[in-house]
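Hi,

Here is the structure I said I would pass on. Have a look at it first, and my notes follow below.

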Amino acid sequence: MDVDLSPKLAKKVYGENGGQYFAWCPSDLKMLGEGNIGASKLALERHGFALPRYSDSSKVAYVLQGSGVAGIVLPEKEEKVIAIRKGDAIAIPFGVVSWWYNNYDMELVVLFLGETSKAHKPGQFTDFFLTGPNGQMSGFTTEFVARAWDLEEKVAKLLVEKQSGIGIVKLAETFMIPEPKPEDRKDMVLNCEEAPLDVDVKNGGRVVVLNTKNLPLVGEVGLGADLVKLDGGAMCSPGFSCDSALQVTYVVRGSGRVQVVGVDGKRVLETTLKAGNLFIVPRFFVVSKIADPDGMEWFSIISTPNPIFTNLAGKTGIWKGLSSKVLEAALNIPSDAEQQFRSKRNSDAVFFPPPN
C-alpha cells in the first residue's frame with residue numbers, strides 16, 4: 001500500500017457572515033476516498049446559524065470548542081432541541097435533518113467525522129440544504145411549492161426566494177431560537193469530558209470510548225469513537241484494530257510524535273502531530289504515539305460501532321499471550337533475554353508514563 005498518510009489541515013469551503021465551514025478533501029488526503037471516510041468542521045460566530053440540512057453520510061459530531069444549540073429531526077419524530085457544549089459527541093445517521101446555532105460570545109466549533117460508503121462522492125460529505133439559493137425548495141418552481149404546501153403563489157414565491165444565505169447566516173440579536181430541552185439530550189448526546197473513563201493510567205493517559213452502550217445511536221451510524229488524553233511525555237502502546245476497522249484521528253490539543261508501521265514491517269509514517277491535524281491509520285496497520293511535554297489530546301472515529309483493539313506492548317499485549325519457547329524461536333533470542341522481555345510492562349496497559 002503506497003498512500004501518503006501525512007496529516008492534513010482542513011480547507012475552507014464556504015461561509016462569511018455568521019461562520020465558516022471547512023472540510024478535508026480526498027485529493028489532499030487520499031485515504032479518505034480509499035477508506036470511504038469524510039471529515040469536516042463547522043465554526044459559528046455569535047448568532048451564527050447553520051441552516052437545516054441533511055447529509056448523504058452517517059457522522060459523529062464532536063464539539064471542539066464553545067457552546068450552543070443543535071436541532072436534530074429523526075425520521076417521523078419531533079425536533080429535538082439540544083444544548084451542546086465542549087466535549088459533547090452526537091451520532092447523526094444519514095438523512096437526518098440538523099441545524100446548529102451559536103448563542104454565546106465564544107466561537108462554536110464542531111467536528112464531523114463519518115462514513116461515506118453511500119455518499120455521492122467517496123471520502124466527501126454532500127449536504128442537502130432545505131433552504132437558501134442552494135436549498136431543495138429553491139429547486140422547485142413556485143407552482144410545485146404552492147401545490148405541495150397548499151399555498152398562495154405569492155407566499156410560495158416568498159418561501160423560495162427570501163433566504164439568500166448559503167449554508168450559514170447570521171441572525172439578528174433579537175431573534176429567539178427555540179429553547180433547548182434537557183430531556184432531549186437523553187440517548188442523543190454523550191459528553192466525553194464528563195463520562196466515566198474506560199482507561200485511566202496515572203501520568204499516562206485517559207480514554208472515553210463511545211459505543212452502543214453509552215450512545216445507542218452509534219449503532220445506526222455504524223461507527224465507534226473515542227476521546228484520548230495523553231499526558232506529557234507519555235506513550236500510547238503500539239496497537240492495531242483487529243476487526244478490520246479504519247481509525248480516523250483529529251488532534252484536538254497539544255502535539256506529539258507518531259509512527260505507523262504497515263505491510264512487511266515498513267514504517268509508512270513518522271511525523272509530528274499538531275492541533276488541527278487529521279490523519280488516518282489503514283486497516284491492520286500498527287500505530288503508536290508519544291506526546292510532547294504539554295501532552296496531546298485527540299478524538300477518533302473507528303469504522304465499526306464496537307471496535308476491538310489489540311496492543312503489542314503492555315500487560316494486555318499479544319506478546320504476553322505467547323509461550324516462552326515460541327517467543328525464543330520467533331525472536332531468535334536466548335531464554336534469559338526472553339525472560340527479561342516478558343518481565344517488563346506487567347502492570348502498564350495502553351499508556352506508558354514517561355521514563356524517570
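Which residues have the most contacts inside the largest nonpolar core? Keep in mind that this is a predicted model. In that core of 93 residues, the ones with the most contacts are Trp100, Leu278, Phe299 and Ile301. I looked at Leu278 a bit further: leaving aside residues up to four places away in sequence, Leu278 touches Ser6, Pro7, Lys8, Trp24, Leu29, Leu32, Ala39, Leu113, Val248, Thr249 and Tyr250. Apart from the largest core lies another one, made of five residues, including Met137, Val145, Ala156 and Val160.

Next, the sheet. Seven strands make up an open sheet, ordered 1-2-3-10-5-8-13, with antiparallel pairing. At its edges are strand 1 (11-14) and strand 13 (189-191), each of which pairs on one side only. On average, neighbouring strands in this sheet are turned by 25° against each other, direction ignored. Within the sheet order, strand 10 sits beside strand 5, and these two (residues 108-115 and residues 58-65) are joined by seven bridges in the antiparallel sense. If you want a spot to click on, Val60 has Leu113 of strand 10 as its bridge partner. Leu113 is also among the residues that Leu278 touches.

Strand 17 is worth a look too. It spans residues 235-241 and is mostly covered, with five of its seven residues buried. Here are its pairings:

- With strand 21, strand 17 runs antiparallel and shares three bridges; Met235 has Ile290 as its bridge partner there.
- With strand 23 (residues 351-352), there are two bridges, again antiparallel, and Cys236 is partnered by Phe351.
- With strand 22 (residues 309-311), strand 17 has three bridges in the antiparallel sense, and Gly239 stands opposite Asn311.

Lastly, some backbone angles. Most residues other than glycine have a negative phi. Asn203, which is not a glycine, has a positive phi of about 60°. You will find Asn203 in the loop between strand 14 (199-201) and strand 15 (205-210), partly exposed at a relative accessible area of 48%. Phe284 also has a positive phi, near 70°. Its loop is the one between strand 20 (278-281) and strand 21 (286-302), and Phe284 is partly exposed, with a relative accessible area of 48%.

Cheers

Key
Residues numbered from 1 in each chain as written. Predicted model: local features only at pLDDT ≥ 70, side-chain atom pairs only at ≥ 80, totals over all residues. Heavy atoms only, no water. Pairing = 2+ DSSP bridges. Helix = DSSP H or I, 4+ residues; strand = E, 2+ residues; numbered from the N terminus. Axes fitted to C-alpha atoms, helices over the stretch in contact; angles between N-to-C directions. Core = buried A, V, L, I, M, F, W, Y, C linked by side-chain atoms within 4.5 Å. Buried < 20%, exposed > 50% of the residue type's maximum accessible area, 1.4 Å probe, protein only. Contact = heavy atoms within 4.5 Å.
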